[in-house]
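I set out to record what I looked up in this structure, one topic at a time.

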Number of protein chains: 2
Amino acid sequence: MRAAVVPEALTRSVEDYLKAIYQLSPEGRPASTSEIAGLLALSPPSVTGMIKRLSEHGLLEHVPYRGVQLTKAGRRAALRMVRRHRLIEAYLVEFLGYSWDTVHEEAERLEHAVSETMIERMASALGNPAVDPHGDPIPSADGSIHELASTALSDVPVGETVEIQRVHESQPERLRYIASLGLRPGVQVTVVDRQPFDDLVTISVGHERQVIGRELGHALLCARAGGQ
Amino acid sequence: MRAAVVPEALTRSVEDYLKAIYQLSPEGRPASTSEIAGLLALSPPSVTGMIKRLSEHGLLEHVPYRGVQLTKAGRRAALRMVRRHRLIEAYLVEFLGYSWDTVHEEAERLEHAVSETMIERMASALGNPAVDPHGDPIPSADGSIHELASTALSDVPVGETVEIQRVHESQPERLRYIASLGLRPGVQVTVVDRQPFDDLVTISVGHERQVIGRELGHALLCARAGGQ
DNA sequence: AGACACTATTAGCTGAACCTAAACCGCCGG
DNA sequence: CCGGCGGTTTAGGTTCAGCTAATAGTGTCT
């Protein structure tokens with residue numbers, strides 16, 4: 001009834017599916033076939049097929065036509081991949097001169113190839129960091145994660161000053177653009193204006209002013225400056 | 001008639017086959033199906049099948065029942081993998097606290113996953129080393145390699161003092177044993193005796209004496225001390 | 001020269017992970 | 001309450017990379 005004691009190695013694909021499902025819903029809301037297909041750039045029938053196998057292996061709960069949720073075992077495996085991914089990103093930035101816009105793709109391949117030993121060596125070389133270069137929290141080796149409940153920049157009231165905590169984006173050009181605005185985790189910004197349409201907000205960063213659109217406003221997660 | 005300009009990515013398996021064939025005969029002598037099968041722990045029919053595909057893609061020259069040789073393109077791809085493998089080994093030993101007996105397995109997986117960029121970053125972090133932790137030469141990025149013509153310890157005449165250059169072994173326990181004898185690249189040893197059977201040689205290392213058997217004697221490649 | 005022992009290859013099968021085209025389900029609007 | 005639309009699943013097919021069992025070729029020994 002329980003998962004095997006030595007959890008037979010998962011394939012790359014399986015690891016990718018589990019991580020994708022976790023990312024679509026860290027809280028455990030059901031994820032749909034087409035969401036998964038979209039994120040992994042696969043056809044829906046391929047996803048249905050894999051879902052079937054994964055539920056048989058006890059990694060997913062599948063209600064046909066309704067979506068899937070990770071089981072305990074599935075969530076554990078997914079968090080393991082998230083830990084790997086984020087630690088690798090942190091390591092590449094710290095020790096191999098990567099910038100935050102190039103690191104995702106490399107980590108995407110390495111996360112499947114690296115041993116547990118190597119991950120833990122990288123973690124200690126980094127001093128067991130709590131967050132990756134985009135500000136995303138790194139799950140601990142035992143599978144616990146602190147999702148900091150932060151607010152999207154789009155939702156910050158006018159007049160308030162906040163600190164950017166996380167930048168939820170992986171496309172290199174977008175990340176380069178964000179960096180060019182001086183926005184990255186740890187930076188303080190003040191919302192100086194808000195337009196009634198399209199979630200447009202105007203912020204000041206240092207001495208500059210920037211207008212931020214809907215998508216970007218949702219990708220930038222903030223906390224009240226000073227507090228957490 | 002030439003290889004494609006953008007050489008479509010090779011699969012993991014293909015990379016393994018090419019590297020194996022190169023390792024069976026760096027000089028280009030034909031390698032047999034069963035040698036390849038033995039090295040990769042696969043069945044001979046599987047190897048025949050892959051050989052067929054690889055020759056169609058112009059990476060191998062195959063004479064049925066006679067064996068295979070790498071073509072220019074095949075050799076280039078093989079050396080690329082050897083470079084990756086050896087640089088990764090060097091990096092793991094230098095920066096992540098690996099010892100030479102554990103490094104092979106990790107490199108065996110990483111060599112397929114790492115980008116060209118990352119390999120070159122690791123190479124420069126290491127100062128572009130010429131050899132890996134076992135003393136094996138690292139091919140340059142443009143695909144040239146310096147195979148140092150060294151002599152097996154079994155073939156060194158009695159009375160001569162030589163420096164160990166390379167330790168041709170990848171099994172962890174054997175490597176640990178070799179290390180426990182104080183033998184590693186750069187160490188000087190003197191052959192003090194030789195038995196007429198079984199290639200047994202007695203050597204002195206520092207103040208210790210050791211008897212070395214056939215297999216080990218062939219795995220230790222040496223050069224006249226001082227010279228190269 | 002013939003037989004035998006290897007080694008290599010062919011034939012045919014499996015499973016993973018994808019695909020397209022076709023059928024199916026759930027719900028919303030008329 | 002029935003039709004249709006959109007998302008989901010089933011059906012059936014492909015490629016890669018492995019396997020076993022059967023066949024074929026090479027070379028050696030008598």
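My entries below concern a group of strands in one chain and then the protein surface beside a DNA strand.

**Entry 1. The model.** I noted at the outset that I was working with a predicted model.

**Entry 2. First hairpin.** I looked up how strand β5 of chain A, residues 188-194, pairs with strand β6 of chain A, residues 201-205, and I found the antiparallel sense, with five bridges. For R194(A), I found V201(A) in β6(A) as the bridge partner. I recorded that β5(A) and β6(A) make a hairpin with six residues between them. In that turn, D198(A) has a positive phi of about 60°.

**Entry 3. Second hairpin.** I then followed β6(A) to strand β7 of chain A, residues 208-212; here too the pairing is antiparallel, over five bridges. Opposite S204(A) I found R209(A), which belongs to β7(A). Two residues lie between β6(A) and β7(A) in this hairpin. Its turn contains G206(A), whose phi is positive, at about 55°.

**Entry 4. Surface near DNA strand D.** Which residues come nearest to DNA strand D? Of the 18 residues around the strand, I listed S34(A), P45(A), T11(B), P45(B) and S46(B) as the nearest. The elements that give two or more residues to this surface are α2 (33-40) and α3 (44-56) of chain A, and α1 (12-24) and α3 (44-56) of chain B. I noted that α3(B) gives the most, with four residues.

**Entry 5. Classes of residue.** I sorted the surface near DNA strand D by class and found nine nonpolar and nine polar residues, with no charged residues.

Technical notes: Residues are numbered from 1 along each chain as its sequence is written. Chains are lettered from A and ligands numbered from 1 in the order in which they are written. This is a predicted model: local features need pLDDT of at least 70, side-chain atom pairs count only at pLDDT 80 or more; totals for chains, interfaces and linings use all residues. Two strands pair if DSSP finds at least two bridges between them. A residue is near a molecule or strand if its C-beta atom, placed from the backbone, lies within 6 Å of it. Ala, Val, Leu, Ile, Met, Phe, Trp, Tyr, Cys and Pro count as nonpolar, Asp, Glu, Lys and Arg as charged, and the others, Gly among them, as polar.
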